[in-house]
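Work through the exercises below with the coordinates open. Try each task before reading its solution.

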Amino acid sequence: MLSLRPTSEADLPLLLAWRHNRRVVQYFADGFEIWEHHKRWFASLMPLVAESYVIILDERPVGETHIAWGNGIPDIGLYIGDLSIWGEGIGKEAISLLLANLRARYRGRVTATIHPSNFHSRMLFKGVGFKFSALKDDKYLVFEMSLEEVNGQP
Ligand SMILES: CC(C)(COP(=O)(O)OP(=O)(O)OC[C@H]1O[C@@H](n2cnc3c(N)ncnc32)[C@H](O)[C@@H]1OP(=O)(O)O)[C@@H](O)C(=O)NCCC(=O)NCCS
């Protein structure tokens, strides 16, 4: 069973270890993290700025997913830190859970900003209903959907 729970300070060493894997961060704008940056990132988390959740599979943490509210439009992202379970639908299910959580308190546009070479991420977001909407910084693909469309519910 998959669930999400808010990230706590105790999760930081595990998240940082995941973020030290080149395959996990190769398409991230901020790439590798160091401990001080990661602590600062955690301290900066607050509702309506950014939220982070640990993805739990059968009581085991396997990844992280987040919402950044930078310009008032939620931008979401994720990583599965356990590479041995990539391709098993965990990412897609985690994003569906995150969208259901978000939809309970927000209606409107939601975006995902994706490196053009990140095929799996593009497929994942298209698979839950996102569509390409714009280029960011002449490089990243911004995908978008309306939360009215989550699970086809009005
Ligand atoms: C991108 C990422 C989160 C995908 O997670 P995942 O659990 O492997 O993804 P899923 O198994 O849910 O697959 C989602 C879609 O990707 C595609 N996909 C995944 N693995 C695939 C594979 N091995 N071959 C082909 N397509 C694949 C499929 O289209 C799948 O949708 P479908 O099953 O409906 O066809 C994961 O690869 C990851 O953590 N990557 C590094 C971090 C990252 O790039 N995050 C995204 C930043 S925007």
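## Exercise 1: contacts of one residue

**Task.** Which residues does Ile-95 touch, not counting residues up to four places away in sequence?

**Solution.** The model is predicted. Step one: apply the contact cut-off, C-beta atoms within 7 Å. Step two: leave out residues up to four places away in sequence; Ile-95 then touches Thr-65, Ile-76, Leu-78, Leu-124 and Val-128.

## Exercise 2: the nonpolar core

**Task.** Which members of the largest nonpolar core touch the most other members, and which elements each supply at least two residues?

**Solution.** Start with the size: the largest nonpolar core has 23 residues. Next, rank by contacts within the core. Ile-76, Ile-95, Leu-98, Ala-112 and Phe-125 touch the most other members. Then sort by element. Helix 1 (12-18), strand 2 (50-57), strand 3, strand 4, helix 4, strand 5 and helix 5 each supply at least two residues of this core. As background, nonpolar side chains tend to be buried together in soluble globular proteins.

## Exercise 3: a hairpin

**Task.** How many bridges join strand 3 to strand 4, and how many residues lie between the two strands?

**Solution.** Locate strand 3 at residues 60-68 and strand 4 at residues 75-80. The two run antiparallel and are joined by six bridges. One pairing to check: Ala-68 has Asp-75 in strand 4 as its bridge partner. Now the turn. The hairpin has six residues between its strands, and Gly-72 in the turn shows a positive phi of about 90°. Last, burial: five of the six residues of strand 4 are buried.

## Exercise 4: the ligand shell

**Task.** How many residues surround the ligand, and which are the closest?

**Solution.** The count is 21 residues, and the closest are Trp-86, Gly-87, Gly-91, Lys-92 and Met-123. Split the shell by class: 11 nonpolar, eight polar and two charged. Then assign elements. Strand 4, helix 4 (90-103), strand 5 (109-114) and helix 5 (119-127) each supply at least two residues. Helix 5 gives the most, with five.

## Exercise 5: the whole chain

**Task.** Why does the radius of gyration agree with a compact globule?

**Solution.** For 154 residues, the compact-globule value is near 15 Å; the protein has 15 Å, so the two agree. Add the extents: the C-alpha trace spans about 40 × 35 × 30 Å along its principal axes. Then the fold order. Five helices and seven strands follow the pattern β-α-α-α-β-β-β-α-β-α-β-β. Finally, contact range: of contacts with a separation of 6 or more, 53% link residues 24 or more positions apart.

Definitions and conventions
Residues numbered from 1 in each chain as written. Predicted model: local features only at pLDDT ≥ 70, side-chain atom pairs only at ≥ 80, totals over all residues. Buried ≥ 20, exposed ≤ 12 C-beta atoms within 10 Å, placed from the backbone. Helix = DSSP H or I, 4+ residues; strand = E, 2+ residues; numbered from the N terminus. Pairing = 2+ DSSP bridges. Near = placed C-beta within 6 Å. Nonpolar A, V, L, I, M, F, W, Y, C, P; charged D, E, K, R; others polar. Core = buried A, V, L, I, M, F, W, Y, C linked by C-beta atoms within 7 Å. Contact = placed C-beta atoms within 7 Å. Rg over C-alpha atoms; globule rule 2.2 N^0.38 Å.
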